[in-house]
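The exercises below ask you to read a chain residue by residue, and each one is followed by a worked solution. Please look at the sequence and the model before you begin.

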Amino acid sequence: MSIQFGDYVFDEPIPFGKWQPPKQPCIYAVLVHDPKVKPKPYTVLFFGESDNLSDQAFFRSHIKYLCWTKQAGAEKNLFITQLKMPDVDGIQRKKILNALIQKYQPVCNEV
């Protein structure tokens with residue numbers, strides 16, 4: 001199953017500890033489970049983008065990690081999803097990322 005943000009269909013959210021980062025360009029979203037949200041019970045905490053997320057340690061050292069865990073209550077409550085974009089350059093990815101941030105205004109993104 002997948003999750004949609006705007007016109008973009010992301011992969012199914014995966015618990016933070018079980019996620020295998022893609023070794024390709026993507027936009028990712030850090031989420032927290034929220035049963036009040038429909039149709040998928042997740043609230044976006046952060047949108048980001050990368051050429052290669054293969055280093056999973058990147059997330060625990062990310063400047064916004066403390067915001068994510070504070071909002072979720074604990075790392076075990078975090079989920080991650082990604083929109084793989086192997087044929088999209090960094091400029092276009094950033095435009096899409098900025099549009100998603102503007103639309104959803106995640107609490108851990110600086111607007």
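**Exercise 1.** Which residue in strand 6 is the bridge partner of V30?

Solution. The model is a predicted one, and in it the bridge partner of V30 in strand 6 is I80. To place this bridge, consider that strand 4, residues 26-33, runs antiparallel to strand 6 and pairs with it over seven bridges. The next step is to look at strand 3, residues 14-15, which also pairs with strand 6 in the antiparallel sense, over two bridges. Here I14 is the residue that stands opposite I80, and I80 is likewise the bridge partner of V30. As for the surroundings of strand 6, six of its seven residues are buried, so that the strand is mostly covered.

**Exercise 2.** Determine whether Q82 is buried or exposed, and list the side chains with which its own side chain makes polar contacts.

Solution. Begin with the location: Q82 belongs to strand 6, which spans residues 78-84. Its relative accessible area is 5%, and because buried means under 20%, Q82 counts as buried. Turning to the side chain, a polar contact of 2.7 Å joins Q82 to the side chain of D11, and another, of 2.6 Å, joins Q82 to the side chain of W19. The last step is to collect the wider set of contacts, leaving out residues up to four places away in sequence: Q82 touches F10, D11, W19, P22, C26, I27 and Y28.

**Exercise 3.** Identify the cysteines that form the disulfide, and explain why C26 is too far for a bond.

Solution. The structure holds one disulfide, formed by C67 and C108, whose sulfur atoms are 2.0 Å apart. This pair links distant parts of the chain, with C67 in helix 2 (residues 65-72) and C108 in the segment after helix 3 (90-104), the two cysteines being 41 residues apart. The angle about the S-S bond is -85°, and the link of C67 and C108 is left-handed. In terms of accessibility, C67 is partly exposed at 22%, whereas C108 is buried at 1%. For C26, the closest cysteine sulfur is that of C108, and because it lies 18 Å away, the separation is too far for a bond; the cut-off for a disulfide is 2.5 Å. C26 is itself buried, with a relative accessible area of 0%.

**Exercise 4.** Work out which residues of helix 2 are buried, and why they lie on the same side of the helix.

Solution. The buried residues of helix 2 are Y65, W68, T69 and A72. They lie on the same side of helix 2 because they cover an arc of only 90° around its axis. A general rule helps in reading such a pattern: an α-helix has 3.6 residues a turn, so residues three or four places apart point the same way. On the other side of helix 2, L66 and K70 are exposed. Following the chain onward, helix 2 is succeeded by G73, whose phi is positive, near 95°.

**Exercise 5.** Classify F58 by its accessibility and name its contacts.

Solution. F58 is located in helix 1, residues 57-60. With 30% relative accessibility, F58 counts as partly exposed. Once the neighbours within four places in sequence are set aside, F58 is in contact with Y28 and L53. Y28 also appears in Exercise 2, among the residues that Q82 touches.

Definitions and conventions. Residues are numbered from 1 along each chain as its sequence is written. This is a predicted model: local features need pLDDT of at least 70, side-chain atom pairs count only at pLDDT 80 or more; totals for chains, interfaces and linings use all residues. Side-chain values use heavy atoms; hydrogens and water are left out. Helices (H or I, at least four residues) and strands (E, at least two) are DSSP runs, numbered from the N terminus. Buried means under 20% relative accessible area, exposed over 50%, partly exposed in between (1.4 Å probe, protein chains only). A polar contact is a pair of N or O atoms within 3.5 Å; within protein, one must be able to donate a hydrogen and the other to accept it, and residues adjacent in sequence count only if both atoms are side-chain atoms. Contact means heavy atoms within 4.5 Å. Two strands pair if DSSP finds at least two bridges between them. The arc is that of the directions from the helix axis to the C-beta atoms.
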